[in-house]
Amino acid sequence: MLTLRAALMLCAVILAGSLLAGCDSEEEPLVIELPRPTVVNDTAYTTTASGLRYIDLVPGDTPFPAAKDGQQVVLDYNAWLETGALFESTIFFGARPPISYIIGDSTVIPGFDEGMRGMRHGGLRQLVIPPELAYHSVGVGDVIPPKATLTYEIDYIGFVPGKQ
């Protein structure tokens, strides 16, 4: 089974080849469709006391322990605004490397940290993060508007042994 990262990389390679193949023609340029979040029925989400909603799109099935505070994890992810606009990705934009961080060390928004806890290695989880667990009423420059609800799809691809 392809991981989210591998599937999106393959899509990007195919699209790039299509673009290059049409460079000499008079045809209309190819419009690239960015990935969209997986559509999930609202009743399928688990909602935490803080208002975070999450669902395991692909449950992790490895024998390793679930993610917890203090553990260093390695992840690929895509992130969308409520409009469906992809604003950040370790997969699609220039094939950035996966991120690595320690859960609970305050380097990511609180909703991302909360959503990682309990996730199983090898899994794919969707988080719907309310503004209170993201960037509140401030937003981030011209990218994330104030009071934005964010959707992340996280592919838990690895962890650093002993960093727990």
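**Asking why about salt bridges, strands and a core**

Guide: D69 has a relative accessible area of 45%, so we call D69 partly exposed.

Visitor: Why is D69 called partly exposed?

Guide: Buried means under 20% relative accessible area, exposed means over 50%, and partly exposed lies in between (1.4 Å probe, protein chains only). D69 has 45%, so D69 lands in the middle class. A word on the source: this is a predicted model, where local features need pLDDT of at least 70 and side-chain atom pairs count only at pLDDT 80 or more, while totals for chains, interfaces and linings use all residues. Residues are numbered from 1 along each chain as its sequence is written, and side-chain values use heavy atoms, with hydrogens and water left out.

Visitor: What makes R117 and D69 a salt bridge?

Guide: The rule asks for a side-chain nitrogen of Lys or Arg within 4 Å of a carboxyl oxygen of Asp or Glu. The closest N and O atoms of R117 and D69 are 2.7 Å apart, so the pair passes. R117 sits in the loop between α2 and β6, and D69 in the loop between β2 and β3, 48 residues apart. (Helices are DSSP runs of H or I with at least four residues, strands are runs of E with at least two, and numbering starts at the N terminus.)

Visitor: How many salt bridges does this rule give?

Guide: The count is three. One of them joins D56 and R125, at 2.6 Å from N to O. That pair links strand β2 to strand β6, 69 residues apart.

Visitor: Is R125 buried or exposed?

Guide: Buried: R125 has 4% relative accessibility, which is under 20%, so the label fits. Its partner D56 has 35%, so D56 is partly exposed.

Visitor: How do you know that β6 is mostly covered?

Guide: Six of its six residues are buried. L124, Q126 and V128 lie on one side, with R125, L127 and I129 on the other. In a regular strand the side chains alternate between the two faces of the sheet.

Visitor: What makes β6 and β7 a pair?

Guide: Two strands pair if DSSP finds at least two bridges between them. β6 and β7 have six, so they qualify, and they run antiparallel. One bridge sets Q126 opposite E153 in β7.

Visitor: Which residues touch the most other members of the largest nonpolar core?

Guide: M116, L150, Y152 and I154, out of 25 residues. β7 gives the largest share, five residues. Such a core is a set of buried Ala, Val, Leu, Ile, Met, Phe, Trp, Tyr and Cys residues joined through side-chain atoms within 4.5 Å.
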